[in-house]
Amino acid sequence: MKIDGACLCGSIQYEAVIDPAAILVCHCTDCQINGGGAFRWGTLVPRDDFTLLAGTLKFYRKTAASGRERAVAFCGDCGTSLYGTQADTAETYSLRIGTARQARSLRPSLQIWHGSAYDWTDQLDEVPALDTQP
Ligand SMILES: [Zn+2]
Ligand SMILES: [Zn+2]
């Protein structure tokens, strides 16, 4: 499935080919902090299936729980995180689905790092909800 997306300010634009059946929710603490949310969702995309159409990405290097170096690609203007990848080979991009224009038609099929999930994320439907802000 072909998708396209952009960062919040629009200076980074991309298109990618993804497998809509292979979308993950990640509850790891790095995703919680870097995404500024309770969890992040994404999918693995081979480098050749990702095309940067506009903008210049910045990279933040971090050491993953595996001990391997990761590079997190983000927009230097608005800070939106676009993907994470191997710092050395950059063979596979962990694309942040929240940046895709088609995100509302996609659903995750697996949660990973659930051991560090916030305990309320499994009961979010119990929290009162408004369609917009009060
Ligand atoms: Zn931006
Ligand atoms: Zn994560």
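1. The hairpin of β6 and β7 has five residues between its strands, and within this hairpin G67 adopts a positive phi near 95 degrees. The model under discussion is a predicted one. Strand β6 covers residues 57-63 and strand β7 covers residues 69-75; the two run antiparallel and are joined by seven bridges. One of the pairings places L57 against C75 of β7 as its bridge partner.

2. A second hairpin is formed by β1 and β2, with six residues between them. In its turn, G10 has a positive phi of about 90 degrees. Five bridges join β1 to β2 (residues 13-17), and the two strands run antiparallel. Among the paired positions, K2 stands opposite V17 in β2, and I3 has A16 in β2 as its bridge partner.

3. Strands β1 and β2 also belong to an open sheet of three strands, in the order β1-β2-β5, with antiparallel pairing. The edge strands are β1 (2-6) and β5 (50-54), each of which pairs on one side only. From one strand to the next, the twist averages 20 degrees. As a general point, strands of a sheet pair through backbone hydrogen bonds, in either a parallel or an antiparallel manner.

4. The largest nonpolar core contains 23 residues, and the members that touch the most others are I12, A16, L82 and L95. Two or more residues are contributed by each of β1, β2, β3 (23-26), β4 (40-46), β7, β8 (81-86) and β9 (92-96). The largest share, four residues, comes from β7. In soluble globular proteins, nonpolar side chains tend to be buried together.

5. Which residues does I12 touch, not counting those up to four places away in sequence? They are A6, C7, A54, G55, L57, C75 and L82. Two of these recur in the β6 and β7 pairing, where L57 has C75 as its bridge partner. L82 is, like I12, among the core residues that touch the most other members. A16, which also belongs to that group, is the bridge partner of I3.

6. Is A87 buried, partly exposed or exposed? A87 counts as partly exposed because it has 16 C-beta neighbours inside 10 Å, whereas a buried residue would need 20 or more. A87 is located in the loop between β8 and β9. Leaving aside neighbours within four places in sequence, the contacts of A87 are R61, E69, R70 and A71. For E69, the C-alpha to C-alpha distance to A87 is 5.3 Å, with a separation of 18 residues in sequence.

7. The protein has one helix and ten strands. From the N terminus on, the order of elements is β-β-β-α-β-β-β-β-β-β-β. Among contacts between residues at least 6 apart in sequence, 56% join residues at least 24 apart.

8. What radius of gyration does the protein have, and what would a compact globule of 134 residues have? The protein has 15 Å, which agrees with the value near 14 Å for such a globule. Along the principal axes, the C-alpha atoms fill a box of roughly 40 × 35 × 30 Å. Buried residues account for 25% of the 134 residues.

Technical notes
Residues numbered from 1 in each chain as written. Chains lettered and ligands numbered in written order. Predicted model: local features only at pLDDT ≥ 70, side-chain atom pairs only at ≥ 80, totals over all residues. Pairing = 2+ DSSP bridges. Axes fitted to C-alpha atoms, helices over the stretch in contact; angles between N-to-C directions. Core = buried A, V, L, I, M, F, W, Y, C linked by C-beta atoms within 7 Å. Buried ≥ 20, exposed ≤ 12 C-beta atoms within 10 Å, placed from the backbone. Contact = placed C-beta atoms within 7 Å. Rg over C-alpha atoms; globule rule 2.2 N^0.38 Å.
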